[in-house]
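Student: I should like a close look at a single part of this protein, namely its metal sites. Please set them in the context of the surrounding fold.

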Amino acid sequence: MARFTFRRLHRPGEGWTGHDQPGALRGPPTEWADRGPPVGGHPPAELMADDEPRPTVGGLRDDDLEGRDWERVRPRRISDADWKRYEGYMGEILQALGMSLNTPGTLKTPMRYLRAMFDSTEGYEGDDKLVTAFPTECYGGPDCELSQVIDGPIPFYALCEHHAFPFFGHAYLGYVAHEHIIGISKLTRLVRLFARRFTVQERMGREITEALSRILQAHGVAVYLEAVHLCTQMRGVRESESTTRTTFWRGNYESNAELREEFLNIARSRANGHFS
Ligand SMILES: [Zn+2]
Ligand SMILES: [Zn+2]
């Protein structure tokens with residue numbers, strides 16, 4: 001209960017100095033504020049539920065309130081024997097392409113390459129169904145039907161399923177909130193959940209859109225992705241600087257052109273300098 005007590009003691013006007021508390025509560029306040037798991041086996045959200053003001057957009061501390069378990073619910077297991085076999089395959093392939101595996105720099109490249117691919121596809125281990133949002137209040141009227149929350153740019157790195165080559169860029173997410181909002185760090189992790197796989201830009205955008213719609217139960221959801229695809233840029237003579245842009249709309253955005261335009265204007269103004 002230490003954390004709960006600390007927060008109550010620091011309500012404005014109560015004048016706690018930090019020196020009149022017995023035993024374990026003594027110490028610099030910042031130390032308590034930054035401390036990890038709360039004492040007593042209660043999750044932080046439970047302890048803080050009655051004590052914290054309702055969060056507002058921009059002031060969300062979702063990492064504080066919820067674990068990251070949803071990013072690791074389906075760990076992929078590959079046996080040591082399989083890893084060894086895959087390294088053999090990779091070694092053969094890399095040598096056939098021209099790499100010499102007998103140098104200090106390349107001796108472990110097959111293993112490192114597989115490891116990097118494994119890390120780059122860790123999105124398969126997560127489950128967006130477990131992501132939750134913050135409650136907020138809907139006051140109805142035009143504010144609730146038209147006011148957007150727009151987050152981005154959120155950088156992402158994905159692998160195209162056609163070539164297993166990276167495509168990467170930025171995501172911009174918008175929503176017209178109803179009774180739930182979500183913090184930028186959780187949005188970032190949600191984007192990564194769908195990016196770190198073998199996918200295509202269209203599916204990735206659709207999955208983010210559908211997950212956000214379900215999590216937020218919002219009046220509308222908008223997703224704008226812009227990315228460069230190395231499979232078209234690195235090979236042969238097909239070098240280009242082209243950026244692929246995709247948009248996805250749900251709810252109020254589908255029927256309201258001004259809402260879409262406002263979202264795209266803000267997203268693109270923030271995008272200036274990234275891909276222009
Ligand atoms: Zn491709
Ligand atoms: Zn509403």
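Tutor: The account below begins with the metal sites and then turns to the elements around them.

The model is a predicted one. Its protein chain has twelve helices and seven strands. Of the 276 residues, 40% count as buried. Among contacts with a separation of 6 or more, 72% are between residues 24 or more positions apart.

The zinc ion (ligand 2) is coordinated by two cysteines and two histidines: C138 and C144 through SG, H178 through ND1 and H219 through NE2, at 2.0 to 2.2 Å. Their spacing along the sequence is C-x5-C-x33-H-x40-H. Two of these donors join distant parts of the chain, for C138 belongs to the loop between β1 (134-135) and α7 (141-146), while H178 belongs to the loop between β3 (166-176) and β4 (180-181), 40 residues apart. Both are partly exposed: C138 has a relative accessibility of 26%, and H178 has a relative accessible area of 24%.

Why is the arrangement of the four donor atoms around the zinc ion (ligand 2) irregular? The angles they subtend run from 85 to 166 degrees. A tetrahedral assignment requires all angles to lie between 85 and 135 degrees. The upper value of 166 degrees is outside that range, so the site does not count as tetrahedral. For reference, the ideal angle for four tetrahedral donors is 109.5 degrees. The arrangement is accordingly classed as irregular.

The zinc ion (ligand 1) has as its protein donors C160 (SG), H163 (ND1) and C231 (SG), which lie 2.1 to 2.3 Å from the ion. The sequence spacing here is C-x2-H-x67-C. Of these donors, C160 is buried, at a relative accessible area of 4%, whereas H163 is partly exposed, at 37%. Water is not among the atoms, so a site may look incomplete.

A164 deserves mention alongside these donors. It is located in the loop between β2 and β3, and its phi is near 60 degrees, a positive value in a residue other than glycine. A164 is partly exposed, with a relative accessible area of 28%. Most residues other than glycine have a negative phi, and most peptide bonds are trans. A departure from the second tendency is found in strand β2, where P153 is placed: the peptide bond from G152 to P153 is cis, with omega near 5 degrees.

The packing of the fold comes next. The largest nonpolar core has 33 residues, and F156, L173, M204, I208 and L212 have the most contacts inside it. At least two residues of this core come from each of β2 (149-160), β3, α8 (184-195), α9 (201-216) and β6 (220-229). F156 illustrates the packing: leaving aside residues up to four places away in sequence, its contacts include F167, F168, V191, M204 and L225. Another core, of twelve residues, lies apart from the largest one, and among its members are I150, A222, W249 and A271.

Helix α9 contains 16 residues, and the distance from its first C-alpha to its last is 22 Å, close to the 22 Å expected at 1.5 Å a residue. Its buried residues are Q201, M204, G205, I208, T209, A211, L212, I215 and L216. These cover an arc of only 165 degrees around the axis, which puts them on the same side of α9. Just after this helix, Q217 takes a positive phi of about 45 degrees. Q217 is in the loop between α9 and β6 and is exposed, with a relative accessible area of 52%.

Helix α12 (residues 257-271) has 15 residues and reaches 21 Å from its first C-alpha to its last, close to the 21 Å expected at 1.5 Å a residue. L259, F263, L264, A267 and A271 are buried in α12. Viewed down the helix axis, the buried residues fall within an arc of 125 degrees, so they line one face of α12. Their packing partners are α7, β2, β3, β6, β7 (244-251) and α11 (252-255).

To return to the sites themselves, the zinc ion (ligand 2) has four donors in an irregular arrangement, and the zinc ion (ligand 1) has C160, H163 and C231 as its protein donors.

Definitions and conventions
Residues are numbered from 1 along each chain as its sequence is written. Chains are lettered from A and ligands numbered from 1 in the order in which they are written. This is a predicted model: local features need pLDDT of at least 70, side-chain atom pairs count only at pLDDT 80 or more; totals for chains, interfaces and linings use all residues. Side-chain values use heavy atoms; hydrogens and water are left out. Donors are N, O and S atoms within 2.8 Å of the metal (3.2 Å for Na, K and Ca); water is not among the atoms, so sites may look incomplete. Buried means under 20% relative accessible area, exposed over 50%, partly exposed in between (1.4 Å probe, protein chains only). Four donors count as tetrahedral if all angles lie between 85 and 135 degrees; four count as square planar and six as octahedral if opposite donors are over 155 degrees apart and all others between 65 and 115; anything else is irregular. Helices (H or I, at least four residues) and strands (E, at least two) are DSSP runs, numbered from the N terminus. A nonpolar core is a set of buried Ala, Val, Leu, Ile, Met, Phe, Trp, Tyr and Cys residues joined through side-chain atoms within 4.5 Å. Contact means heavy atoms within 4.5 Å. The expected span of a helix is 1.5 Å times one less than its number of residues. The arc is that of the directions from the helix axis to the C-beta atoms.
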